[in-house]
Amino acid sequence: SSTLEMSTNSLEDIDDEIDHDDNALGLPLWATEDAGTSSQEDDDGILITPSPTATNSGTIIISNLRLMAAEVEQLLDCMEVYMQDQRNRRSSKLKPPSRMKRQWYIYAVGFPAGFYLVYKLTKKHGSSYLAKMAFEKAKSLFAEHVEEPMKSIHRELFTRKEREIAADKKARMEAISSLKKMIKSWLDETFPDMPNEEKANRANSMDMSLIEQTKEDNMKHIYNLNNVVRMSLIEMQFIKKEMMNALISMDELMAANEINMQVAAMTPAVVILYAVRYVFRKIFYALLKIGKSREETFGSFRHVMLDIERLLVMRDNPPLAPPLLSTRANTAMQRGQQKKAVEQQQPFSSNNMTTASSSSSGECMLNSDDLGMVMLLVHQCRKILQEDGRRFSQSTIRNVSEDLAELAGERGAVTVRQQLQILSRMGRTYPFLKVVSTGVPVKFRVD
């Protein structure tokens, strides 16, 4: 038993020494050290060919590609949070005052007035009466400005039922016929010598000129009172006929403009619904901070694309920096850089701050640092597509994801000029990347 315990302790010591040696090398969990150079397969079944490194003990190989991808994703998330904190810290000094501070006079007058109005309405009958009254008003508004106009429009466009006419056409024809008979009878008694044809024409045309003239003459003598009363009754019948004609004309006018009047009746309801929607969106997105609106989502995506374009424009064939001063230290530094470039078989440039390298064909490509920044910004775009996917259609998400993969170089190596062309194509293709001028003045805003 003592021998077994000694062998167990020796095995544990050996394991501790192996773990200590692995930690001393500083290798991540997804990498191991192997003295051989044969190809291996990771957990996902992907063939991995190890590349030799400048270590004395052996070769470093990737043993778990999935774990490495997860670690890279965590690093991107941490970098995104760090960049957001830095952006907020730098822009906090330029951030304008809040809306309440800028429009304090509106709140100073509006809040007391609103509180006093609510107090007066709930003083006698309580809040239940106020809620009931608001419900009744909303119900009446809906019935008058939404339900009835919609029914009227549907009846006129999709049914054969005619509009209800207020005037009685039969009564109008009877009034006209009675007026003609009254004028004909008055002409027969007052002007017996007038030709029958002229009497018929005056009666059919309902000419009141002779009646008005005769009434004016008979008003001078009191003994013609009966004739004056008769002519007054004829004039009343003429007025009745004119009123019936006016009602018929109004019915025809209303029938011709039925849809226009019903749409105009719906205008107050549409304005109120738009105001309620605007207030609800303000409370939902601005005050409660629950999600983002469509405009804010598209604006965030455009800002990230602007950062990518700004980076690529600055790296597209940048000019060389002016040569350093001819001092001994600078001369030694240039010689060291030239020697290092010769060892790495790369063209030497005196501009040691240039972040883009040129290929043999003269095309400019991003170096590792700038490519990492582009991948970080692309990760932000993908995060927006993932979190706010309901704001985009499925085809848009598929096409944008493919463009982002090409932009990050996941479909093959790309030059800066090709990346700028991809950005230009995305700006022409997707409507949410286009900023349309509406004539509204731009307000300074910090997200």
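**A walk along helix α9**

Start by selecting α9: this helix has 32 residues and runs 47 Å from its first C-alpha to its last, close to the 46 Å expected at 1.5 Å a residue. Keep in mind that you're looking at a predicted model.

Now colour the buried positions of α9: Val-228, Met-231, Ile-234, Glu-235, Gln-237, Lys-241, Met-244, Asn-245, Ile-248 and Asp-251. What's sitting over them? The cover includes α6 and α8 (209-218), so bring those two helices into view.

Next, show α6 (residues 169-190) together with α9 (residues 225-256). Their axes are 9 Å apart and meet at an angle of about 155°. With angles over 145 degrees counting as roughly antiparallel, that puts α6 roughly antiparallel to α9. Turn the view to check the crossing of this pair, which is left-handed.

Time to put side chains on the contact. From α6, pick residues including Ala-175, Ile-176, Leu-179, Met-182, Ile-183 and Trp-186. From α9, add Met-231, Leu-233, Ile-234, Phe-238, Met-244 and Ile-248, among others. There are charged residues to click on as well, among them Arg-172 and Glu-189 on α6 and Arg-230 and Lys-240 on α9. By class, the whole contact has 13 nonpolar, five polar and six charged residues.

Last stop: jump to helix α11 (residues 294-315) and select Leu-306. Is this residue buried or exposed? Leu-306 is partly exposed, at 41% relative accessible area. Finish by drawing a C-alpha to C-alpha distance from Leu-306 to Leu-377: the two are 71 residues apart in sequence and 10.0 Å apart in space.

Note on methods: Residues numbered from 1 in each chain as written. Predicted model: local features only at pLDDT ≥ 70, side-chain atom pairs only at ≥ 80, totals over all residues. Heavy atoms only, no water. Axes fitted to C-alpha atoms, helices over the stretch in contact; angles between N-to-C directions. Helix = DSSP H or I, 4+ residues; strand = E, 2+ residues; numbered from the N terminus. Parallel < 35°, antiparallel > 145°, perpendicular 65-115°, else oblique. Left-handed = near helix turned anticlockwise from the far one by under 90°. Contact = heavy atoms within 4.5 Å. Expected span 1.5 Å × (residues − 1). Buried < 20%, exposed > 50% of the residue type's maximum accessible area, 1.4 Å probe, protein only.
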